[in-house]
Every structure is written in C-alpha cells, then in structure tokens.
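Trainee: I would like to learn how to read burial and strand pairing in a model such as this one. Could we work through it together?

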Amino acid sequence: METRIEKNIDHAIKLLKTNQVVAIPTETVYGLAGNALHPETILKIYEVKQRPRFDPLIVHTDQLQKMEKFVEYIPDIIYKLAESFSPGPLTFVLPKTAAIPDLVTSGLASVAVRIPDHSKTLELLSQLDFPLAAPSANLFGQISPTKAKHVFHQLQNKIPLIIDGGECRVGIESTIVRYKNNQLEVLRLGGTTIDQLKRICKDIAVVTEQSEQIHAPGQLKSHYATRTPMIVGDIPQLLEQYKQKDCAVLSFSKSYTSGKKQIILSEKAELSEAAKKLFNAMHVLDSLQADIILTEEFPPVGLGLAINDRLRRASYREY
Ligand code: AMP
Ligand code: MG
C-alpha cells in the first residue's frame, strides 16, 4: 500500500468514513486514527502499530458534549478542567457506556477521552459523526512521531495516508487524569503540568498515581525507546566512563562535547522548547549509528517531570 502525505483533509475524511486508518496531526504527537465505534477498525489500529491489545486507546472528539453519549457521566471538576485545558494536551478517563467497543478500552470499564488542539484535526472531527480512536502513530514501544516524516519512516506502506499538519506544538503526549475518591489522579504525566491542574483543582487534591497496575501503558517500563541504548545521568561523567565508545549526547541547555553528535534541546533552558524538540532529537540521534546516547535528568518541575518520565522509559533497557 502506498502511503501518501497530504496537507488537505478531504481524502482523510473519505478514508475514515470507510473505516480505514489514517495518521493525523495533533499538538502532542501524531495519532493513528480510526472510527472509535467500529471494532474492525480498532483491530486495524492495533495491528498496524503492533500494539498489544491490553493497551487501551484514547478517543478523540472536538467537543466534550459529543462525548456525553459515550460516557456515563462527567464530574463537575472534569468539566472545569475541560473549560480551561480543552482543546489541549489533557485526557480524561471516564466510565464508558456500551457505545464504546470493549476493544477500544481493552475491556476496561472506563474510556480515555481528549479534545486535541490542532486546527486540521478539529476540522476533521467536526466533519465526522463518530469520534476517532488514536494512539500515537508509531510502532509500539518506539519513539513517538512529532513530524509527518517520523510517521512515514515507521508506518510507510502500512497506512494509506498521513495528514501533514507540521511539527507538533507541544511534542509530548497528553497528561491523563481520572477523578476518583474526591481526588484527581494523574495516570500519566504529559503536556499539561501538575501546577496547571492544581490551579483549577482548588479543593481537590491532585495526586500522582503510583500503583503497579497498568492503567496507562505509557506506564510500561520500556517505551519511547531509541534503538541505540540511552543512558540518563551526569553527562560529563558518562562521557568519561564511555570514552572508548562513540557517544551521542542529548542535553537540556548546555554543550558538553565538541563532537557533532550532540543536540541541545533549549539553549534558553525553556522546558516547553525542550519538550517540543525531544522526540525529534531522539529520532535524529538514533539515526546516527552511535554506540550510545547519553542524556541527563531535566529540572524536575513543570514539563520537566514529563520529559524525565519519557527519558527514564526510553533508557530502561540494561546496557
Ligand atoms: P498513546 O496514545 O500510545 O500515548 O496511549 C494512550 C494512553 O492512554 C495509553 O497509555 C493508554 O493506556 C491510556 N489509556 C487509554 N484508555 C485508558 C483507560 N480507560 N484508563 C486508563 N488509561 C487509559
Ligand atoms: Mg504511544
């Protein structure tokens, strides 16, 4: 199957209406989208991604009201959060109705819902009478795509179309939250920061879930992985330790080597710039055939927490 890359959404609308899967741009990362109400299409998404079925998908819509059919209820605090952050990088886990196939949620009684903030995808959703299930448009376990060409690289010949919506503005997946026991549980750190959530959840505690049970397989330990082994630590010390190796370096704001294989994510030391560039930098460094990629902990505040989470998972394998 030839994979086309198009800026226009008309072809995508036709394909989605005939239950095909198409890669779509969002502000977080590119998604691999299909009709969320059609089980065979959902199966196709799992197949193309080689994603295990126990890993549920996020359902995308352009208006929270449209989701009312698909969820049992929406707590007030979720409405409030949606007012502040939707469209945007925040996903809500809510009790699902029978309208959402069990395949979408891997048999869970809840469904994850989000309104993505990208003009092309919002326009696309407004023209469809069904929501779109869309995990990130990468092969399972690999680096998420933030540009159309990243999707092409991983999924060419497996899908008919990629909508090119440019480079993703946020560049890191959505934050996933659930309201339970009068608390807002953060199931996955992402593009909406805990501080932002706390500003809205005034009398409701915002807690980071530490359960071992997989609610969000962004929580699987090895994920977002480069093929080149990645190590997180003190870069100068690691450069010394691995001086016999061909090392690539991924740093926040400082330069550590005069070598060519170095990417500094934000010379101004801005976490939002670093998050936006992170996955592209991982794609680029991974293509350089280095022996290892050395990187460091980012400041553990705001988006730095989500970046550290991704780096930790990307570097999980033993080296
Ligand atoms: P991805 O789109 O690949 O970033 O994956 C979407 C994330 O949403 C996965 O980590 C899912 O586990 C998570 N997710 C989807 N549905 C649910 C749900 N019902 N409860 C908790 N997490 C969910
Ligand atoms: Mg993913």
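Trainee: Where is threonine 146 found?

Mentor: In this predicted model, threonine 146 is found in the loop that lies between strand 7 (132-133) and helix 6 (148-155).

Trainee: Is threonine 146 buried or exposed?

Mentor: The general idea is to compare the relative accessible area with a cut-off, and buried means under 20%. Threonine 146 has a relative accessible area of 0%, and therefore counts as buried. Leaving aside residues up to four places away in sequence, threonine 146 touches, among others, Thr28, Tyr30, Cys168, Phe279 and Asn280.

Trainee: In what order do the 4 strands of the open sheet come?

Mentor: The order is 12-15-13-14, with parallel pairing. Strand 12 (230-232) and strand 14 are the edge strands, each pairing on one side only, and neighbouring strands of this sheet are turned by 15 degrees against each other on average, direction ignored.

Trainee: How many bridges join strand 13 to strand 15, and how many join strand 13 to strand 14?

Mentor: Strand 13 is joined to strand 15 (residues 292-295) by 4 bridges, and to strand 14 (residues 262-264) by 3 bridges. To follow the register, look at the bridge partners: alanine 248 has isoleucine 293 in strand 15, while leucine 250 has isoleucine 263 in strand 14.

Trainee: Which residues of strand 13 are on one side and which on the other?

Mentor: Cys247, Val249 and Ser251 are on one side, Ala248 and Leu250 are on the other, and both faces are covered. Helix 9 (residues 271-286) lies across strands 12, 13, 14 and 15, running at about 175 degrees to strand 13.

How values were computed
Residues are numbered from 1 along each chain as its sequence is written. Chains are lettered from A and ligands numbered from 1 in the order in which they are written. This is a predicted model: local features need pLDDT of at least 70, side-chain atom pairs count only at pLDDT 80 or more; totals for chains, interfaces and linings use all residues. Side-chain values use heavy atoms; hydrogens and water are left out. Buried means under 20% relative accessible area, exposed over 50%, partly exposed in between (1.4 Å probe, protein chains only). Helices (H or I, at least four residues) and strands (E, at least two) are DSSP runs, numbered from the N terminus. Two strands pair if DSSP finds at least two bridges between them. Contact means heavy atoms within 4.5 Å. Axes are lines fitted to C-alpha atoms, for helices over the stretch in contact, and angles run from 0 to 180 degrees between N-to-C directions.
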